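Trainee: I would like to go through the labels used for a model and see what each one rests on.
Mentor: Then put the questions one at a time.

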Amino acid sequence: MYRTAPAALALLLAACGRAEITPEQRTKRLEARRTACITEALQQRAQSQLAQLDTMMRQQAGAGIPDIVRAPHTFAQVYAAYADVKAHEAAYLDSAFHAGSKQDSLAYIQSAGKFRVSPPSEGSVEENVARLYANDYTVSREYADHACNKLVEDQEKR
């Protein structure tokens with residue numbers, strides 16, 4: 001998905017404090033904005049789906065909650081937590097690409113690093129969540145009519 005490689009970091013820091021940025025720096029900024037937008041949209045969708053399942057769980061509380069409800073709820077909880085972490089990381093990286101100084105940019109990068117997800121255990125719920133999230137991100141990124149892609153397209157025209 002989205003990681004700040006050393007070359008991208010150098011490019012990011014070179015843009016800080018300059019009146020004009022290179023086309024490559026502009027592309028990186030727009031991609032950081034798109035990533036932040038998409039991850040926020042995924043985060044919001046995950047929270048909404050979890051809230052729906054929370055409601056179902058509360059409605060079933062007195063009657064004993066069947067596994068057919070409990071398993072998707074657990075998965076939705078893990079997915080929502082994962083989406084939240086990814087959205088925070090992307091938001092900090094977006095801020096780093098748009099910071100006015102190298103010092104601010106580095107501070108944002110350090111903050112983003114606190115939200116990196118460790119590789120999950122093989123066969124775990126977390127691994128399944130990470131796989132589904134990566135697919136959801138890719139589908140959103142490739143869907144031309146996604147609001148985040150439209151936003152970036154509009155910014156590219158300016």
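The talk below takes up a disulfide, two helix pairs and one aspartate in turn.

Mentor: Keep in mind that this model is predicted.

Trainee: How do you know that Cys37 and Cys148 form a disulfide?

Mentor: The two sulfur atoms are 2.0 Å apart, and the cut-off is within 2.5 Å, so the pair qualifies. A search of the whole structure finds one disulfide.

Trainee: What does the pair tie together?

Mentor: Cys37 belongs to helix H2 (residues 23-60) and Cys148 to helix H6 (residues 147-157), so the link ties parts 111 residues apart in sequence. The angle about the S-S bond is -75°, and the link is left-handed.

Trainee: Why is Cys148 called buried? And what is Cys37 called?

Mentor: Cys148 has 2% relative accessibility; buried means under 20%, so the label holds. Cys37, at 22%, counts as partly exposed, because partly exposed covers what lies between under 20% and over 50%.

Trainee: What makes H3 roughly antiparallel to H4?

Mentor: Helix H3 (residues 67-98) and helix H4 (residues 102-113) pack at an angle of about 170°, their axes being 8 Å apart. Angles over 145 degrees count as roughly antiparallel, so this pair is given that name.

Trainee: Which residues make the contact of H3 with H4?

Mentor: H3 supplies Glu89, Tyr92, Leu93, Ser95 and Ala96, while H4 supplies Ser105, Tyr108, Ile109, Ser111 and Ala112. By class, the residues of this contact are six nonpolar, three polar and one charged.

Trainee: Why is H2 called oblique to H5?

Mentor: Their axes cross at roughly 125° and come within 10 Å. Roughly perpendicular is 65 to 115 degrees and roughly antiparallel is over 145, so the angle fits neither class and H2 is oblique to H5. The crossing of H2 and H5 is right-handed.

Trainee: What does each helix bring to the contact of H2 with H5?

Mentor: From H2 come Glu31, Arg34, Thr35, Ile38, Thr39, Leu42 and Arg45, and from H5 come Tyr133, Asp136, Tyr137, Ser140 and Arg141. These residues divide into four nonpolar, three polar and five charged.

Trainee: Asp136 is in that list. How do you know whether Asp136 is buried or exposed?

Mentor: Its relative accessible area is 14%, which is under the 20% limit, so Asp136 is buried. Asp136 is found in helix H5 (residues 125-142). Leaving aside residues up to four places away in sequence, Asp136 touches Leu42, Arg45 and Tyr79.

Conventions. Residues numbered from 1 in each chain as written. Predicted model: local features only at pLDDT ≥ 70, side-chain atom pairs only at ≥ 80, totals over all residues. Heavy atoms only, no water. Helix = DSSP H or I, 4+ residues; strand = E, 2+ residues; numbered from the N terminus. Buried < 20%, exposed > 50% of the residue type's maximum accessible area, 1.4 Å probe, protein only. Contact = heavy atoms within 4.5 Å. Axes fitted to C-alpha atoms, helices over the stretch in contact; angles between N-to-C directions. Parallel < 35°, antiparallel > 145°, perpendicular 65-115°, else oblique. Nonpolar A, V, L, I, M, F, W, Y, C, P; charged D, E, K, R; others polar. Left-handed = near helix turned anticlockwise from the far one by under 90°.
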